[in-house]
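The following report describes a single chain, beginning with one charged residue and widening from there to the fold as a whole.

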Amino acid sequence: MQLVSESHTHIRLLDIQHQVAGELIYKDVTMKEATLQVQDIYALRYTGTGKWECFRLEEKKEKLHSRMKVNRGAVMELSFPLRRKTYRFKRSGAWRLRFVLLNKQGEEIMGILPGINWKKMIHDFTLQINEEFREECSSLLILHAVHCANCWMSMMNGGPVPALVSV
């Protein structure tokens, strides 16, 4: 799998054959609303301080699919209530800019390395999937993790990002 940043508001996920496996498309640079397109279409919405909810769109109805929230220590929690799965997304290490997605047992499922694309003036992301958990790393889970990385990068660079914590 490979991530391709088209713009500040559009990221594509390509499979091994370089076919589009999913897309993360923000409404604008504030990251308050987005569309996640994989086999189905999902709406991602900012619902409060440091919280997002993702809804599966089914025939004009919305069904809650997942939640994301920022916890203490800038650790983001991704929960999928129907599947009873919970993940943690955080920055790994103090000196190297790398993000990791951990399962409930604390095992690293994937890593995301951001890099600056000076030509486009955006961030490109390198995806590192742990071979042991390749089956668990669905396109939708990867795009959720990319959203978390986008929020982190925007916050660290002084860009527009919804409030992540209340003071």
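## Salt bridges

In this predicted model, Arg12 is partly exposed, with a relative accessible area of 27%, and its side chain meets that of Glu6 in a salt bridge with an N to O distance of 3.4 Å. Glu6 is itself partly exposed, at a relative accessible area of 33%. The pair does not stand alone, as Glu6, Arg12 and Glu23 are linked in a network of salt bridges.

The count of salt bridges comes to 9, and two further examples can be described in some detail. Arg67 and Glu53 meet through their side chains at 3.3 Å, N to O; this pair links distant parts of the chain, since Arg67 lies in strand β7 (residues 61–71) and Glu53 in strand β6 (residues 51–58), 14 residues apart. Arg67 counts as partly exposed, at 38% relative accessibility. In the other example, Glu131 and Arg134 form a salt bridge at 2.6 Å, N to O, in which Glu131 is exposed, with a relative accessible area of 57%, while Arg134 is partly exposed at 34%.

## Overall fold

The secondary structure of the chain consists of 1 helix and 12 strands, and along the sequence the pattern reads β-β-β-β-β-β-β-β-β-β-β-β-α. The radius of gyration is 15 Å, close to the 15 Å that the globule rule gives for 167 residues, so the chain is as compact as a globular protein of that length. Taken along the principal axes, the C-alpha atoms fill a box of roughly 45 × 45 × 35 Å.

Of the 167 residues, 41% count as buried. Among contacts in the chain with a separation of 6 or more, 34% are accounted for by residues 24 or more positions apart.

## Surface and nonpolar patch

The accessible surface of the chain comes to about 9600 Å², and 50% of this area belongs to carbon and sulfur atoms. On that surface, a nonpolar patch is formed by Ile116, Trp118 and Met121, which together have about 390 Å² of accessible area. Ile116, one of the residues of this patch, is placed in strand β11, which covers residues 108–117.

## Cysteines

How many disulfides does the structure hold? The structure holds 0 disulfides, and two of the cysteines can be considered individually. For Cys137, which is in no disulfide, the nearest cysteine sulfur is that of Cys148, 14 Å away; Cys137 is buried, with a relative accessible area of 6%.

Cys151 is likewise in no disulfide, and its nearest cysteine sulfur, again that of Cys148, is 6.6 Å away, a distance to be set against the cut-off of 2.5 Å for a disulfide. Cys151 is buried, with a relative accessible area of 1%.

## Positive phi angles in loops

Two residues other than glycine deserve a note on their backbone angles. Met31 has a phi near 65 degrees, a positive value in a residue that is not a glycine, and it is found in the loop between β3 (20–26) and β4 (33–37). Although it sits in a loop, Met31 is buried, with a relative accessible area of 6%.

Arg84 also has a positive phi, of about 55 degrees, without being a glycine, and its place is in the loop between β8 (75–80) and β9 (85–91). Whereas Met31 is buried, Arg84 is exposed, with a relative accessible area of 77%.

Conventions:
Residues are numbered from 1 along each chain as its sequence is written. This is a predicted model: local features need pLDDT of at least 70, side-chain atom pairs count only at pLDDT 80 or more; totals for chains, interfaces and linings use all residues. Side-chain values use heavy atoms; hydrogens and water are left out. Patches are made of residues with over 30% relative accessible area and no salt bridge: like charges are joined within 9 Å, nonpolar side chains (Val, Leu, Ile, Met, Phe, Trp, Tyr) within 5 Å. Accessible areas come from the Shrake-Rupley method with a 1.4 Å probe; for residues, only the protein chains shown count as cover. A salt bridge is a side-chain nitrogen of Lys or Arg within 4 Å of a carboxyl oxygen of Asp or Glu. Helices (H or I, at least four residues) and strands (E, at least two) are DSSP runs, numbered from the N terminus. Buried means under 20% relative accessible area, exposed over 50%, partly exposed in between (1.4 Å probe, protein chains only). The radius of gyration is taken over C-alpha atoms; the globule rule is 2.2 Å times the number of residues to the power 0.38. Contact means heavy atoms within 4.5 Å.
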